[in-house]
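This report describes selected local features of one protein model, with attention to helix packing, backbone geometry and the surroundings of individual residues. Please read it alongside the sequence and the coordinates.

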Amino acid sequence: MSSFKTRCPSCKGLNRVPSARIAETPKCGKCQTALLDGAAIEGTADNFATLINSKLPVVVDFWAPWCNPCLGFAPVFASVASERVGAVRCLKVDTESEQALGAQYGIRSIPTIMVFKEGKVLDTLNGALPKSQFDQWLNQVIN
């Protein structure tokens with residue numbers, strides 16, 4: 001059975017999740033927080049392909065810790081992740097530590113937001129937006 005590792009958004013503990021059980025709302029073994037919903041998931045080479053193949057739309061924020069627009073957009077993205085539990089899944093990919101993922105998806109500017117469904121890219125947005133505009137864009141993409 002294949003699996004991937006993901007960090008708990010609450011306690012930052014590393015958890016192994018069987019790929020076949022991704023739809024069962026896995027919880028952190030340490031603190032029992034939901035691993036995949038309610039907060040942005042740390043996207044890595046280990047978990048990215050499995051997570052974007054979801055039937056739920058997956059919103060991915062490609063960012064870097066030195067990028068001021070990325071840091072300014074982070075609260076907007078976190079808010080969307082907590083408000084849209086069950087409707088979308090949110091991932092954050094640090095392009096500094098996950099350079100191969102950034103190259104694979106042709107990330108040339110950050111922040112870049114991509115929406116996937118069942119492994120296919122639905123749309124891409126380059127740059128940070130205020131929450132109202134980001135919500136409006138996301139509604140158009142996933143509906």
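A residue is called buried when its relative accessible area is under 20%, exposed when it is over 50%, and partly exposed in between. The model discussed here is a predicted one, and the values below are computed from it.

**Backbone geometry in the loops**

By that cut-off, Gln32 counts as partly exposed, because its relative accessibility is 49%. Gln32 is found in the loop between S2 and strand S3 (41-42), and its phi is near 70°, a positive value in a residue other than glycine. A second non-glycine residue with a positive phi is Lys12, for which the angle is about 65°. Lys12 lies in the loop between strand S1 (3-7) and strand S2 (14-18), and with a relative accessible area of 52% it is exposed.

Lys30 is found in the loop between S2 and S3, where it is exposed with a relative accessible area of 68%. Although Lys30 and Lys12 are 18 residues apart in sequence, their C-alpha atoms are 9.6 Å apart in space.

The peptide bond that joins Ile110 and Pro111 is cis, with omega at about -5°. Pro111 belongs to the loop between helix H3 (99-104) and S6.

**Helix H4 and its two faces**

Helix H4 comprises residues 131-142, 12 residues in total, and it reaches 16 Å from its first C-alpha to its last, which is close to the 16 Å expected at 1.5 Å a residue. Which residues of H4 are buried? They are Phe134, Asp135, Trp137, Leu138 and Val141. Seen down the axis of H4, these buried residues fall within an arc of 165°, so they line one face of the helix. An α-helix has 3.6 residues a turn, so residues three or four places apart point the same way. The face of H4 turned away from the buried side carries the exposed residues Ser132 and Gln140.

The packing partners of the buried residues of H4 are strand S4 (58-63), helix H2 (68-83), strand S6 (112-117) and strand S7 (120-126). With H2, the packing angle is about 50° and the axes are 10 Å apart; the two helices, H2 and H4, are therefore oblique to each other. The crossing in which H2 passes H4 is right-handed. On the H2 side the contacts are made by Phe73, Val76, Phe77, Ser79, Val80 and Glu83, which meet Lys131, Phe134, Asp135 and Leu138 in H4.

**Buried residues and their contacts**

Two of the buried residues of H4 can be followed individually. Trp137 has a relative accessible area of 11% and is buried; leaving aside residues up to four places away in sequence, it touches Ile113, Val115, Asp123, Thr124 and Leu125. Val141 is likewise buried, with a relative accessible area of 15%, and under the same sequence exclusion it touches Val115, Leu122 and Asp123. Val115 and Asp123 thus appear in the contacts of Trp137 and also in those of Val141.

Outside H4, Thr44 is placed in the loop between S3 and helix H1 (48-52), and at 14% relative accessibility it counts as buried. Not counting residues up to four places away in sequence, Thr44 touches Lys5, Glu98 and Leu101. In contrast to Thr44, Ala103, which is found in helix H3, is exposed with a relative accessible area of 60%.

**Separations in sequence and in space**

The table lists residue pairs with their separation along the chain and the C-alpha to C-alpha distance.

| Residue pair | Separation in sequence | C-alpha to C-alpha distance |
|---|---|---|
| Trp137 and Ala20 | 117 residues | 31 Å |
| Val141 and Lys30 | 111 residues | 35 Å |
| Ala103 and Asn53 | 50 residues | 19 Å |
| Lys30 and Lys12 | 18 residues | 9.6 Å |

Read together with the accessibilities, the Val141 and Lys30 pair, 35 Å apart, links a buried residue of H4 with an exposed residue in the loop between S2 and S3. The Lys30 and Lys12 pair, at 9.6 Å, joins two exposed residues, Lys30 at 68% and Lys12 at 52%.

Definitions and conventions:
Residues numbered from 1 in each chain as written. Predicted model: local features only at pLDDT ≥ 70, side-chain atom pairs only at ≥ 80, totals over all residues. Heavy atoms only, no water. Helix = DSSP H or I, 4+ residues; strand = E, 2+ residues; numbered from the N terminus. Expected span 1.5 Å × (residues − 1). Buried < 20%, exposed > 50% of the residue type's maximum accessible area, 1.4 Å probe, protein only. Arc of directions from axis to C-beta. Contact = heavy atoms within 4.5 Å. Axes fitted to C-alpha atoms, helices over the stretch in contact; angles between N-to-C directions. Parallel < 35°, antiparallel > 145°, perpendicular 65-115°, else oblique. Left-handed = near helix turned anticlockwise from the far one by under 90°.
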